[in-house]
Amino acid sequence: MSDKEVILTQDGLKRLEEELENLKSVRRREVAERIKTAIGYGDISENSEYEDAKNEQAFIEGRIITLEKMLRNARIINNDEIDTDTVSIGSTVTVKDLEYGDTTEYAIVGTAESDPLQNKISNESPVGKAILGKKKGAVVDVTVPAGVIQYKIIDIKK
């Protein structure tokens with residue numbers, strides 16, 4: 001990840017800060033203990049426990065660097081910046097699939113916070129891009145691998 005601006009909501013900022021703190025204060029210590037224990041088993045050249053712990057340590061250190069860079073380049077979206085007239089990052093949007101009649105509620109977030117299983121979609125996702133900047137009542141075409149889906153924006157809230 002380069003020095004690209006990372007757009008975060010207040011909740012997203014809090015989650016990333018908590019993850020960073022946990023990695024630095026808890027996970028680092030746990031892995032150091034695992035390494036110490038594995039070294040106690042003897043010859044580390046053929047010690048799978050040692051290898052696993054070293055790999056986990058490398059992952060944790062990489063994630064810490066990534067999180068620190070993300071937080072350094074973060075732009076926080078405050079609740080008062082969220083417009084309920086048009087879809088923006090931080091908005092919660094209810095859309096209706098015009099073909100099937102299903103309604104879905106999405107929270108529009110930056111890429112660092114996206115979690116499709118929680119209906120938190122990125123502003124850079126196909127649906128996010130299509131509805132960003134649109135008003136309530138607008139009909140948008142979303143190009144997805146399966147074709148084009150038409151959504152009507154039913155509601156926009158903070």
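Student: What makes R34 and E49 a salt bridge?

Tutor: A salt bridge needs a side-chain nitrogen of Lys or Arg within 4 Å of a carboxyl oxygen of Asp or Glu. In R34 and E49, the closest N and O atoms are 3.1 Å apart. The pair therefore fits the definition. This is a predicted model, where local features need pLDDT of at least 70, side-chain atom pairs count only at pLDDT 80 or more, and totals for chains, interfaces and linings use all residues. Residues are numbered from 1 along each chain as its sequence is written, and side-chain values use heavy atoms, with hydrogens and water left out.

Student: Which parts of the chain does the R34 and E49 pair link?

Tutor: R34 is in helix α1 and E49 in helix α2, 15 residues apart. Helices (H or I, at least four residues) and strands (E, at least two) are DSSP runs, numbered from the N terminus.

Student: Why is R34 called partly exposed?

Tutor: Buried means under 20% relative accessible area, exposed over 50%, and partly exposed in between (1.4 Å probe, protein chains only). R34 has 27% relative accessibility, so partly exposed is the right class. E49, at 28%, also counts as partly exposed.

Student: What other salt bridge does R34 form with helix α2?

Tutor: R34 also pairs with E56, the closest N and O atoms being 2.2 Å apart. E56 lies in helix α2, so this pair ties together parts that are 22 residues apart in sequence. Salt bridges with shared partners join R27, E30, R34, E49 and E56 into one network.

Student: How do you know that E61 and R28 tie together separate parts?

Tutor: Their closest N and O atoms are 2.8 Å apart, in a salt bridge. E61 lies in helix α2 (residues 48-72) and R28 in helix α1, so parts 33 residues apart in sequence are tied together.

Student: What makes the largest nonpolar core a core?

Tutor: A nonpolar core is a set of buried Ala, Val, Leu, Ile, Met, Phe, Trp, Tyr and Cys residues joined through side-chain atoms within 4.5 Å. The largest such set has 18 residues, and I108 and I131 have the most contacts inside it. Among the elements giving two or more residues to this core are β4 (103-109) and α3 (126-131). A second, separate core of 15 residues includes L20, A38, Y50 and A53.

Student: Which residues does I131 touch, neighbours within four places in sequence aside?

Tutor: I131 is in contact (heavy atoms within 4.5 Å) with V87, V93, I108, V140 and I153.
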